[in-house]
Amino acid sequence: MSITPEFQVAVIGAGPGGLAAGVKLKQAGLDDFVIIERAGDVGGSWHENHYPGLGVDIPAIAYQYSFARNSRWSRFFPYGAEVKEYHREVARRFGLYPHVRFDTTIAREEWDDIGEYWKLITDTGSVITARFLISAVGAFVRPKQDAGIPGWESFAGKIQRPSDWDHDYDLTGKKVGIIGTGASAVQIVPSIAPEVGELTVFQRTPVWSIPKPDFVIPKAGQRVLAVPGLQAAVHGAVLVGVDLVLRAAISVPMTVVRPTLAHFDRWTIKGYRTFLGAVVHDPATADKLAPNFGVVAKRPTMSNSYLQAYNRDNVTLITEPITRITADGIETGDGVEHRFDMIVLATGYEVFSDPETYRPGTVVGRDGFDLGTFYTEHGMQAYESVSVPGLPNRWTLVGPYSWTGSGWHAFVEMTADHAVRAIKEGTRRGATVVEVRQSAHDAYHRKVFRRAEAVRYYFNELNGHVPTYYRNSQGDSTYIRPSGFFEARRGNRRFPLDHYRFQTPRPRVAAERADTRLASGT
């Protein structure tokens, strides 16, 4: 029996995906929605992260919505504060702020089989109900609270995290250790090195860090970017190039793929070692910074100052494994205790492509279907990356096999289009249940898994020795969608409607009789 919930649509997350969903809902004439955000403002990671040196590693022209192109970017690769303000401006421009419920964390999503709606239980115990649900929590779902290193809670000094940086703490002259060499660390290290007394970087795995072609965009350049259609044309040309590369990777026979990728990695590794020798003055440090894996086996970074920071007298690189964190600092495998005033835990995030990210009991659908348990037992999978049988009326914007090689905005727009199209069609039909059919889901997953053979070879075999979030704990590479960008966009915008089951409410009298029979046991 259908019950009227509080909202027609609930969107979890007010980052790039949630804002895209909000705009798409408004454009479709679906105004009865709420966006639920755990933080105090929109922007997602760009609101929560504000560490020193924060900036994008994708050109601004590719890091924006197609419906809100910005000609006023100050830099080719903008800094974090400007990116955050861009998202705030989008929310203001499209009237999304009145729809956002801030400082609200969803602890459990529970489908009501009787009422045919979602119950969203917050961490305070309150309940928000919605007929349809869009999960827009993003790719980097939550910071890893446990650094995976014994003793980190015992450190008596200052602990800093990229996701919760304390700018009131005075770094001047301090002895600082930073654990991790990922994208955040690459930006933090050169930003704080001139200020601190000593900076020690603890590296488990080296990172590719190539020059960043960044520059200030002059007023004349901004006027050029304002020419109607120019940014769309340039970005479109880039997407065509990305599309061709991805399509080639999945269509070329493996007999060609294997030697080609092996040669590519070997040549690029050799070339990067030469580059390191020219940039880093100390040969021993340059050798430690040299990866023994392919350029895209881990997320590559771009910086004009990270590698150069190791030429400073106050910056040291340590590759000896960490044994534990003590009250005074960090102890390494050689028995040395390195003492610090502050430790930065740049140890990463729980990402969308790992089954462990989905805790059992936090997303429960029809007939007790548990998303966390399903992913653990059957692997990561979703129809067009957005919907799973057993979770009616629910779509996720960043799901298994979703990244298309484009900027994040381009692909959350397409997945938002998918969700909104299904919701609008369900509304048009008067349906209270919209659920992807098992047969359509399974056929799609078989196709995706088959086409991802080259991707799995690259991450599991050729570069199986390197830890990377492009390969999850199940040995699968569900981060990347094995298709061209435009194929993915068509799939999300033009999926066959009969791939979904649209269920209208039972007639009231029939429903009441059925409920009576159930209650009496007859």
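The secondary structure of this predicted model comprises 15 helices and 22 strands. The C-alpha atoms fit a box of roughly 80 × 50 × 50 Å along the principal axes. The radius of gyration is 24 Å, and a compact globule of 522 residues would have a value near 24 Å, so the two agree.

Burial, contacts and surface come next. Of the 522 residues, 53% count as buried. Among contacts with a separation of 6 or more, 71% join residues that are 24 or more positions apart. The exposed area of the protein is about 22500 Å², with 55% of it supplied by carbon and sulfur atoms. As for charge, there are 59 positive and 56 negative charges, and their mean positions lie 8 Å apart.

The structure holds 35 aromatic pairs. One of them is formed by Phe76 and Phe215, which are stacked, with 5.0 Å between centres and 15° between the planes. Phe76 sits in the loop between α2 (45-48) and α3 (80-93), while Phe215 sits in the loop between β11 (209-210) and α5 (219-225), so this pair ties together parts that are 139 residues apart in sequence. Both rings belong to partly exposed residues: the relative accessible area is 26% for Phe76 and 41% for Phe215.

Another pair is that of Phe352 and Tyr479, whose ring centres are 4.9 Å apart; the planes meet at 40°, so the pair is tilted. Phe352 lies in the loop between β18 (349-351) and β19 (363-364), and Tyr479 in the loop between α13 (453-462) and α14 (485-493); the pair therefore links distant parts of the chain, 127 residues apart. Phe352 is buried at 0% relative accessible area, and Tyr479 is buried at 3%.

The accessibility of the four residues is set out below.

| Residue | Relative accessible area | Class |
|---|---|---|
| Phe76 | 26% | partly exposed |
| Phe215 | 41% | partly exposed |
| Phe352 | 0% | buried |
| Tyr479 | 3% | buried |

Phe352 and Tyr479 also belong to one aromatic cluster. Its other members are Phe140, Tyr349, Trp403, Trp408, Phe411, Tyr458, Phe459, Tyr469 and Tyr470. The tilted pair of Phe352 and Tyr479 is thus part of this cluster.

Conventions:
Residues numbered from 1 in each chain as written. Predicted model: local features only at pLDDT ≥ 70, side-chain atom pairs only at ≥ 80, totals over all residues. Heavy atoms only, no water. Helix = DSSP H or I, 4+ residues; strand = E, 2+ residues; numbered from the N terminus. Rg over C-alpha atoms; globule rule 2.2 N^0.38 Å. Buried < 20%, exposed > 50% of the residue type's maximum accessible area, 1.4 Å probe, protein only. Contact = heavy atoms within 4.5 Å. Areas by Shrake-Rupley, 256 points an atom, 1.4 Å probe, with all protein chains shown as cover. Lys, Arg positive; Asp, Glu negative; His and termini not counted. Charge placed at Lys NZ, Arg CZ, Asp CG, Glu CD. Phe/Tyr/Trp six-rings, centres within 6.5 Å; stacked < 30°, edge-to-face > 60°.
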